[in-house]
Amino acid sequence: MMDAFVDENIPEDIKADVHLCRGSIYTGILETASKVGADLIIIGSHRPTMGNFLLGPNASRVVRHAESSVLVVRG
């Protein structure tokens with residue numbers, strides 16, 4: 001499904017790779033991004049609640065600890 005999403009939504013002249021991992025969400029994202037030398041991490045975030053007002057807990061951790069740029073997409 002992720003490959004189909006990339007094929008339908010990412011222009012062919014932009015290099016995009018899909019990586020799936022198991023375990024803690026933010027740890028998996030950070031470890032995979034570091035391992036592959038990611039230039040950009042794109043992560044979705046749900047509508048915040050009072051407990052996590054600015055971002056969801058996983059998106060917030062990725063933003064704080066990532067070595068590369070992070071694009072947060074609301075929706």
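Trainee: What share of the 75 residues of the protein counts as buried?

Mentor: It's 20% of the 75. Buried means under 20% relative accessible area, exposed means over 50%, and partly exposed is in between (1.4 Å probe, protein chains only). Keep in mind that this is a predicted model, where local features need pLDDT of at least 70 and side-chain atom pairs count only at pLDDT 80 or more, while totals for chains, interfaces and linings use all residues. Residues are numbered from 1 along each chain as its sequence is written, and side-chain values use heavy atoms, with hydrogens and water left out.

Trainee: Why does Ser60 count as buried?

Mentor: Ser60 sits in helix 3. Its relative accessibility is 18%, which is under the cut-off, so Ser60 counts as buried. Its C-alpha atom is 8.9 Å from that of Ser45, 15 residues apart along the chain.

Trainee: And why is Arg61 called partly exposed?

Mentor: Arg61 has a relative accessible area of 30%, which falls between the two cut-offs, so partly exposed is the right label. Arg61 is also in helix 3. Leaving out residues up to four places away in sequence, Arg61 touches Tyr26 and Leu30 (contact means heavy atoms within 4.5 Å).

Trainee: What makes something a helix or a strand here, and how many of each does the protein have?

Mentor: They're DSSP runs, numbered from the N terminus: H or I for helices, with at least four residues, and E for strands, with at least two. The protein has three helices and two strands, in the order α-α-β-α-β from the N terminus on.

Trainee: What makes the largest nonpolar core a core, and which residues are in it?

Mentor: A nonpolar core is a set of buried Ala, Val, Leu, Ile, Met, Phe, Trp, Tyr and Cys residues joined through side-chain atoms within 4.5 Å. The largest one has seven residues: Leu30, Ala33, Ile41, Ile43, Ala59, Val62 and Ala66. Helix 2 (25-36), strand 1 (40-45) and helix 3 (57-65) each supply at least two of its residues. In soluble globular proteins, nonpolar side chains tend to be buried together.

Trainee: Which side chains of strand 1 point to the buried face?

Mentor: Ile41, Ile43 and Ser45 point to one face and are buried, while Leu40, Ile42 and Gly44 point to the other and are not. That alternation is what a regular strand does between the two faces of the sheet.

Trainee: How do you know that strand 1 and strand 2 pair?

Mentor: Strands pair if DSSP finds at least two bridges between them. Six bridges join strand 1 to strand 2, so they pair, and the two run parallel. Ile42, for one, has Leu71 of strand 2 as its bridge partner.

Trainee: What makes the largest pocket a pocket, and what volume does it have?

Mentor: On a 1 Å grid over the protein atoms alone, a pocket is an open set of points with protein on both sides within 12 Å along at least five of seven lines, whereas a cavity is a set where a 1.4 Å probe fits but cannot get out; lining residues have an atom within 4 Å of a point. The largest pocket's volume is about 1,200 Å³, taken as the space filled by probe spheres set on the points, which are joined across faces, edges and corners. Of the 32 residues that line it, the closest to its centre are Asp17, Val18, Leu40, Ile41 and Ile42.
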